[in-house]
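Trainee: Please choose one part of this model and take me through it closely, from its own residues out to its neighbours. I would like each term pinned to its cut-offs as we go.

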Amino acid sequence: WGVDTTKIGITGISLGGMIGLLCSAADERIAASAPMIGTQSFAYGLDNDKWQARVNSLPGSVFADAQRELGGKGSALTPETVRRVYSAISPGLLDDCDGETTVPLASTRPLAIINAADDPRNPLDGVRLCVEAARSLPGYDADTFLACAQLGTPHTCTDAMQDVAMRFLDVHLKGDCDGAKESPKRILDVPTTFVSL
């Protein structure tokens, strides 16, 4: 097949972005990653009353069953119930596998975090915590780390996001973008609807 195993990249959208980030954090064979609308801090959402949109994106039966077990039929869904469900269905989701841990692990290789500024499932302040955790690492390299959000965009992957992801992966896996060297900072020069995080 002629696959260059030193140039494996990964990307994904929403759940695919979360999975791509987790894979990149866990597997150093992934040379570069660019998750789209999938980076978040689950703990931030729970601690700051911004968990509802994420919970509403999951099958309702998961939380309905937990509500019955924990508080009886008709009881209000609480952050504590959500915390317990997260811990049951995905152990580590609120600590070792949350964005504030996985983003720094993945950022030891080229990483582009591409989110939507108005995404209620991935609150931007929680995403910023993940980005700050990566930037605080010794050896942090601004030339291989890009974090941005598209303004005025809800939980939607746009063509502009996909363009940023592909350009970033081209730069770091092929060494060029359209035949010319391009720094990660310049990748955002074209889509003016993005803000750096």
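**Strand β4 and its surroundings**

Mentor: Strand β4 is covered on both of its faces, with Phe145, Ala147 and Ala149 buried on one side and Leu146, Cys148 and Gln150 buried on the other. "Buried" means under 20% relative accessible area, against over 50% for exposed and partly exposed in between, with a 1.4 Å probe and protein chains only. The strand spans residues 145–150, and 6 of its 6 residues are buried. In a regular strand the side chains alternate between the two faces of the sheet.

The model is predicted, so local features need pLDDT of at least 70 and side-chain atom pairs pLDDT 80 or more, whereas totals for chains, interfaces and linings use all residues. Residues are numbered from 1 along each chain as its sequence is written, and side-chain values use heavy atoms, leaving out hydrogens and water. Strands (E, at least two residues) and helices (H or I, at least four) are DSSP runs, numbered from the N terminus.

On one side, β4 runs parallel to strand β3 (residues 111–116), to which 6 bridges join it; two strands count as paired when DSSP finds at least two bridges between them. Within this pairing, Ala112 stands opposite Leu146 of β4, while Ala116 faces Gln150. Between these two strands the chain passes through helix α7 (residues 124–135), making a β-α-β crossover that is right-handed, that is, clockwise from the first strand over the helix to the second with the strands pointing away from the viewer.

The other partner is strand β5 (residues 194–196), which pairs with β4 in the antiparallel sense over 3 bridges; here Cys148 has Ser196 as its bridge partner.

In the wider arrangement, β4 belongs to an open sheet of 5 strands with mixed pairing, in the order β1-β2-β3-β4-β5. Strands β1 (8–13) and β5 stand at its edges, each with a single partner strand, so one side of each is left without a neighbour in the sheet. From one strand to the next, the twist averages 20 degrees, where axes are lines fitted to C-alpha atoms (for helices over the stretch in contact) and angles run from 0 to 180 degrees between N-to-C directions.

Helix α7, which carries the crossover from β3 to β4, also packs on the sheet, touching both β3 and β4, and its direction makes about 170 degrees with that of β4; contact here means heavy atoms within 4.5 Å. The 12 residues of α7 reach 16 Å from the first C-alpha to the last, close to the 16 Å expected at 1.5 Å a residue, the expected span being 1.5 Å times one less than the number of residues. Leu124, Gly126, Val127, Cys130, Val131, Ala133 and Ala134 are buried in α7. The buried residues of this helix pack against β3 and β4, and also against helices α2 and α6 (99–106).

Another helix, α1 (residues 15–26), lies across β1, β2 (30–36) and β3, running at about 150 degrees to β1. Taken together, β4 has β3 as a parallel neighbour and β5 as an antiparallel one, with α7 touching it from the helical layer.
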